[in-house]
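I opened a fresh notebook page for this one. My plan is to look things up one at a time and jot down what I find.

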Amino acid sequence: MLMMVLKRLATTIPSLIGVVIVTFLLTRALPGDPAAYFAGAAATPQAVEEVRKQLGLDQPLPLQFVRYVGDLAQGDLGTSLTTGQRVSADIAARLPASAELTLLGLLFSLSIAVPLGVFAALKPGSLIDHACRVIATAGVSLPVFFTGLILVYVFYYLLGWAPAPLGRLDIFFSAPPTVTGFYLIDSLLAGDGEVFWAALKQLVLPVLTLGIFSIAPIARITRASMLAVLSSEFVRTARASGLAPSTVVITYALRNALLPVVTTLGMVFSFLLGANVLVEKVFAWPGIGSYAVEALIASDFAPVQGFVLTMAVLYVALNLMIDILYRVIDPRVRIEA
Amino acid sequence: MSDMTASQQTGFAAGLAHARYVLAANPVTGFAFGLFVLIVIAAAFGPYIVPYDPLASDTAAALQPPSAVHWFGTDQLGRDVFSRVIVATRLDFLIAVTSVVLVFLMGGLAGVAAGFFGGWTDRIFSRLADTIMAFPLFVLAMGIVAALGNEVENIVLATAIVNFPLYVRIARAEANVRRDAGYVQAARLSGNSEARILLGHILPNIMPIMVVQMSLTMGYAILNAAGLSFIGLGVRPPTPEWGILVAEGAGFMVSGEWWISFFPGLALMVAVFCFNLLGDGLRDIVDPQRRT
């Protein structure tokens with residue numbers, strides 16, 4: 001088991017090297033002269049030269065790359081011009097907000113999409129099957145920022161059920177003491193029920209937005225793989241042996257049908273991490289996505305590069321976890337590996 | 001010679017009959033095609049048929065809800081939302097088409113070469129595709145536009161780059177199964193160069209599958225470009241573009257002026273929906289086995 005994990009870990013190394021090379025090239029492809037940019041508008045030519053030396057930009061590209069990797073190894077992503085903080089510190093402070101949102105969004109869409117796909121597969125051609133197909137096609141056509149705005153209009157302006165789309169917590173509340181950075185968990189740890197409710201209320205709409213967006217691919221793949229499994233011989237045998245329908249569907253079919261779903265999660269995460277940026281912008285969510293967007297608008301490039309790199313590393317790590325999970329669930333893959 | 005034209009004609013007639021059969025069995029594809037024609041008309045003639053100048057502000061008529069005068073209402077500067085949405089079609093459509101053609105030229109050709117030649121060509125392009133796939137795609141597109149500069153051309157390029165792996169994979173797989181097909185060997189024996197076989201024999205044969213893929217990617221390309229301009233990249237106000245139009249109205253959603261964001265968002269959704277349906281329909285015609 002440990003060997004398998006280590007082997008799989010080794011295969012992520014080329015991806016990580018690729019990611020680092022691409023982010024390095026993106027930093028160096030900045031329009032204009034980065035030294036002049038970092039020195040500021042009023043800098044003298046000597047000052048620009050000074051900054052160039054300081055940043056190592058007077059050296060050949062391979063040496064710059066070595067320096068870049070060295071900085072990365074120390075967790076140094078540069079300094080943000082707008083916040084004046086180290087980018088790594090900014091990102092670390094804002095990551096929990098994004099993670100809480102993304103994970104809850106995924107959880108929500110799994111809890112809707114998997115049953116939907118299963119029922120659609122159990123009764124092909126039924127109303128729920130058609131509903132599943134419509135949702136799957138319409139879902140991929142929905143611009144995630146548009147869904148978010150519609151939800152805000154309906155649930156905040158028209159019905160008044162949801163709080164204003166302005167961040168993680170209403171201004172009347174103060175954030176719970178940071179333990180995990182997840183407000184829901186932290187507020188429970190602090191025993192503060194009011195803050196828990198307030199944080200939960202703020203979370204509902206953005207989580208719904210992200211969830212609706214990812215229901216489509218998950219429901220589609222669940223339906224397809226459930227259909228395939230239900231027509232297989234072991235399910236027929238289980239049925240013929242007189243097992244209860246629920247046992248056949250849940251214990252026999254679903255467990256096998258979930259394998260392709262787990263594989264699809266990698267693609268779903270790619271969408272989710274991107275959609276996160278848009279959702280954070282709509283709901284003024286103080287996560288790393290809105291951090292990157294604010295920096296982009298202020299032409300502050302270090303945070304954007306740090307954000308792209310962080311997201312890519314996270315994504316590689318998530319794919320690794322999915323792969324290991326897959327091998328844990330499916331013993332056949334383990335034997336072949 | 002006359003035999004050949006006859007058989008070609010029957011082939012064409014059979015294809016047409018098959019297309020008609022698929023359209024009849026699936027009216028949704030016909031509907032999507034009708035929508036597509038509408039979008040093309042709006043893209044081609046939009047600026048000439050709209051009732052108002054999309055950039056002309058009229059503060060006296062600001063923030064009016066939809067009415068007979070302003071079908072989609074007016075925004076905070078009194079600009080007619082209907083005119084802006086229709087005029088925006090051209091830019092969004094052009095961004096999507098150019099980025100899809102670009103990714104076909106890059107990814108499609110790279111993939112065909114990788115599948116046909118194998119070896120180092122294959123290793124280089126596949127590794128490149130894997131590296132791109134290691135990023136969440138929208139995030140990579142953001143990074144590319146941020147690095148190359150905040151221009152519409154770079155939105156097109158970024159959208160093409162994030163789709164690159166998909167095209168490489170499909171084209172590679174299709175070229176790979178055909179590299180030693182009978183007609184390829186025949187072409188080789190008749191003294192055709194490898195490049196000529198690749199471009200003249202393999203590529204035309206995988207074109208139908210690539211066209212389906214291009215149609216399916218159109219929707220994603222529009223969403224990607226609109227998402228980028230929603231967060232303030234690429235297209236700049238006051239240029240009408242669906243993503244920007246939604247962003248401009250976003251602040252008004254909380255105070256009840258829903259129409260400023262709603263109609264451009266709806267246009268975006270309908271366009272993407274249309275391209276997705278059309279892609280599915282085209283696939284049914286071109287590649288009946290993959291029908292789901």
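My entries below go from whole chains to helix pairs, then to the interface and the salt bridges.

**Entry: what I'm looking at**

I noted right away that this is a predicted model. I started with chain A and counted its helices and strands: chain A has 14 helices and zero strands. Reading along the sequence of chain A, I wrote down α-α-α-α-α-α-α-α-α-α-α-α-α-α. I also looked up the span of the C-alpha trace of chain A along its principal axes, and got about 85 × 55 × 40 Å.

Then I turned to chain B. Chain B has ten helices and, again, zero strands. Its pattern along the sequence reads α-α-α-α-α-α-α-α-α-α. For chain B, the C-alpha trace spans about 75 × 45 × 30 Å along the principal axes.

**Entry: α6 against α9 in chain A**

I wanted to see how helices of chain A pack, so I picked α6(A), residues 127–141, and α9(A), residues 193–230. At what angle do their axes cross? I got roughly 140°, with the axes coming within 8 Å. Angles over 145 degrees would count as roughly antiparallel, so α6(A) and α9(A) go down as oblique to each other. I marked their crossing as left-handed.

Next I listed who touches whom. From α6(A) I have D129(A), C132(A), R133(A), I135(A), A136(A), G139(A) and V140(A). They meet I215(A), A216(A), A219(A), R220(A) and R223(A) of α9(A). Sorted by class, this contact of α6(A) with α9(A) holds seven nonpolar residues, one polar residue and four charged ones.

**Entry: α7 against α9 in chain A**

I stayed with α9(A) and checked α7(A), which covers residues 144–158. The axes of α7(A) and α9(A) come within 9 Å and cross at roughly 140°. That makes this pair oblique too. I put the crossing of α7(A) and α9(A) down as right-handed.

On the α7(A) side I found V144(A), T147(A), G148(A), L151(A), V152(A) and F155(A). On the α9(A) side the contact uses L205(A), L208(A), T209(A), I212(A) and F213(A). How many of the residues in this contact are charged? I counted no charged residues, with eight nonpolar and three polar.

**Entry: α5 against α13 in chain A**

My third pair was α5(A), residues 87–122, with α13(A), residues 301–329. I read a crossing at roughly 55°, with axes within 10 Å of each other. These two helices are therefore oblique as well. Is the crossing of α5(A) and α13(A) left-handed or right-handed? I noted right-handed.

V87(A), I91(A) and L95(A) make the contact from α5(A). From α13(A) come A302(A), P303(A), G306(A), F307(A), T310(A) and L314(A). My tally for α5(A) with α13(A) is seven nonpolar, two polar and no charged residues.

**Entry: where the two chains meet**

I then went to the interface. Chain A puts 46 residues into the contact, and chain B puts in 42. I looked up the area buried between the chains and found about 3500 Å², with carbon and sulfur atoms giving 82% of it. Which three residues supply more than any other three of what chain A buries against chain B? I wrote down F145(A), F146(A) and L149(A), which supply 16%.

**Entry: salt bridges**

I searched the interface of chain A and chain B for salt bridges and came away with zero. Over all chains, though, the structure holds ten. One I looked at joins R86(A) and D76(A), whose closest N and O atoms are 2.6 Å apart. Both R86(A) and D76(A) sit in the loop between α4 (61–73) and α5 of chain A, ten residues apart.

Key:
Residues numbered from 1 in each chain as written. Chains lettered and ligands numbered in written order. Predicted model: local features only at pLDDT ≥ 70, side-chain atom pairs only at ≥ 80, totals over all residues. Heavy atoms only, no water. Axes fitted to C-alpha atoms, helices over the stretch in contact; angles between N-to-C directions. Helix = DSSP H or I, 4+ residues; strand = E, 2+ residues; numbered from the N terminus. Parallel < 35°, antiparallel > 145°, perpendicular 65-115°, else oblique. Left-handed = near helix turned anticlockwise from the far one by under 90°. Contact = heavy atoms within 4.5 Å. Nonpolar A, V, L, I, M, F, W, Y, C, P; charged D, E, K, R; others polar. Buried area = accessible area lost by both parts, 1.4 Å probe. Salt bridge = Lys/Arg side-chain N within 4 Å of Asp/Glu carboxyl O.
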